[in-house]
Amino acid sequence: MREEFSRLVDGAGPPTVDGAAFAHLPDRMLGLGELRDLLLRPQCPGSVRDAVWAHLVARARAEGGCWTVACAGMALPALVRVAAWVAARYPGEVQDVEAEALAGFFAGLATVDLGRAHVLLRVVWAARRAGFAALSEALDAPVPVAPRFGPAPPRPGWGHPDLVLARAVGATVLTETEAELIGTTRLERVPVVRWAQEHGAPAPTVYARRRRAEQRLVAYLRDGPQPTMASDEGRKRRTVRSPPVVDRAVRPRRYDSTAPSRKSSTVVHKTAVFSGLGE
């Protein structure tokens, strides 16, 4: 994909974008390579990135061809990180899982809501989900061993941090933005201040959002998914009370005012699931 994007950018009549149509961009026609560099700068507001990406995705949907390649090339820094992490853990041919991730990206181009914020982030998460699905399927598959002994048990995938985040997104415990925030700042060790600048948000707000998201993630890993998940603005955990245990063997058959009262209680022990997420 890198070579195809390079040929597209350096070839005759390369695609360009009118920078005058977007705030904070130079008032001239911009090549895709220069445009990508401008969008990657921390000073570039998130609203500008979203506007440009909505334009690129709309062109890819309407015209396909070079504009689809242009979108993949523009997103290449993020796609490389996704593919590298998944490929390093994939037990099969690396090209297979990379192709799955890229197919997920192209599917995301066709379905992403251009009216919402973080267009690129949500398309890249479509690639993440596709790559993680392929990785999870491969890790869950029985491992062939020597004849007469049968297949080995499947290897669990919960210990992989990004798989944990991807499954939490699928369970609606985290939003895609929250998972990306945790993955980028915790696993890739990108400073929260830098992430906040790139997304046009105040750093204290981002710190608070990450803390709330991580609290929900810990509860999800410890207790399992709740019956319902509240909205991101104000999730409230529900306490599920177990019904009292009644010992039918000693309960009096009829009311007797002289019978001693009996109290029973239920003690629930919870075992935390190790998520593999570092602090």
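Met74 is buried, with a relative accessible area of 5% (buried is under 20% relative accessible area, exposed over 50%, partly exposed in between, using a 1.4 Å probe and protein chains only). Met74 sits in helix H4 of what is a predicted model, where local features need pLDDT of at least 70, side-chain atom pairs count only at pLDDT 80 or more, and totals for chains, interfaces and linings use all residues. Residues are numbered from 1 along each chain as its sequence is written, and side-chain values use heavy atoms, with hydrogens and water left out.

**Around Met74**

- Setting aside residues up to four places away in sequence, Met74 touches Phe5, Leu32, Leu35, Arg36, Leu39, Trp53 and Leu56 (contact means heavy atoms within 4.5 Å).
- One of these partners, Leu35, is 39 residues away from Met74 in sequence, and their C-alpha atoms are 8.4 Å apart.

**Overall fold**

- The protein has 11 helices and two strands; helices (H or I, at least four residues) and strands (E, at least two) are DSSP runs numbered from the N terminus.
- Along the sequence, the pattern reads α-β-β-α-α-α-α-α-α-α-α-α-α.
- The protein has 279 residues, and 38% of them count as buried.
- Looking at contacts with a separation of 6 or more, 58% come from residues 24 or more positions apart.

**H1 against H4**

- Helix H1 (residues 2-10) and helix H4 (residues 66-74) have axes that come within 9 Å and cross at roughly 115°. Axes here are lines fitted to C-alpha atoms, for helices over the stretch in contact, and angles run from 0 to 180 degrees between N-to-C directions.
- H1 passes H4 in a left-handed crossing (left-handed if the near helix is turned anticlockwise from the far one by less than a right angle, right-handed if clockwise).
- From H1 come Glu4, Phe5 and Leu8, and from H4 come Cys66, Val69, Ala70, Gly73 and Met74.
- Sorted by class, this contact of H1 with H4 has six nonpolar, one polar and one charged residues. Ala, Val, Leu, Ile, Met, Phe, Trp, Tyr, Cys and Pro count as nonpolar, Asp, Glu, Lys and Arg as charged, and the others, Gly among them, as polar.

**H5 against H6**

- H5 and helix H6 (residues 94-111) pack at an angle of about 140°, their axes 9 Å apart, and H5 passes H6 in a right-handed crossing.
- On the H5 side you'll find Leu79, Ala83, Val86 and Ala87, meeting Val94, Val97, Glu98, Leu102 and Phe105 of H6.
- The split for this contact of H5 with H6 is eight nonpolar, no polar and one charged.
- Ala83 of H5 is buried, with a relative accessible area of 18%.
- Ala83 also has a link to Gly131: the two are 48 residues apart along the chain, with C-alpha atoms separated by 7.4 Å.

**The largest pocket**

- About 730 Å³ of space lies in the largest pocket. Grid points are joined across faces, edges and corners, and a volume is the space filled by probe spheres set on the points.
- On a 1 Å grid over the protein atoms alone, where a 1.4 Å probe fits, a pocket is an open set with protein on both sides within 12 Å along at least five of seven lines; lining residues have an atom within 4 Å of a point.
- The lining counts 30 residues, with Arg81, Leu120, Glu180, Glu198 and His199 nearest the centre of the largest pocket.
- Elements giving two or more residues to that lining are helix H2 (32-40), helix H3 (46-63), helix H5 (76-89), helix H7 (119-140), helix H9 (176-187) and helix H10 (192-198).
- H7 gives the most to this lining, with six residues.
- By class, the lining of the largest pocket has 16 nonpolar, five polar and nine charged residues.

**Two positive phi values, and Thr177**

- Most residues other than glycine have a negative phi.
- His118 isn't a glycine, yet has a positive phi of about 60°. His118 is in the loop between H6 and H7 and counts as partly exposed, at 22% relative accessibility.
- Thr172 also has a positive phi, near 60°. Thr172 belongs to the loop between helix H8 (161-170) and H9 and is partly exposed, with a relative accessible area of 45%.
- Thr177, in helix H9, counts as buried at 11% relative accessibility.
- Leaving aside neighbours within four places in sequence, Thr177 is in contact with His118, Leu121, Trp195 and Arg209.
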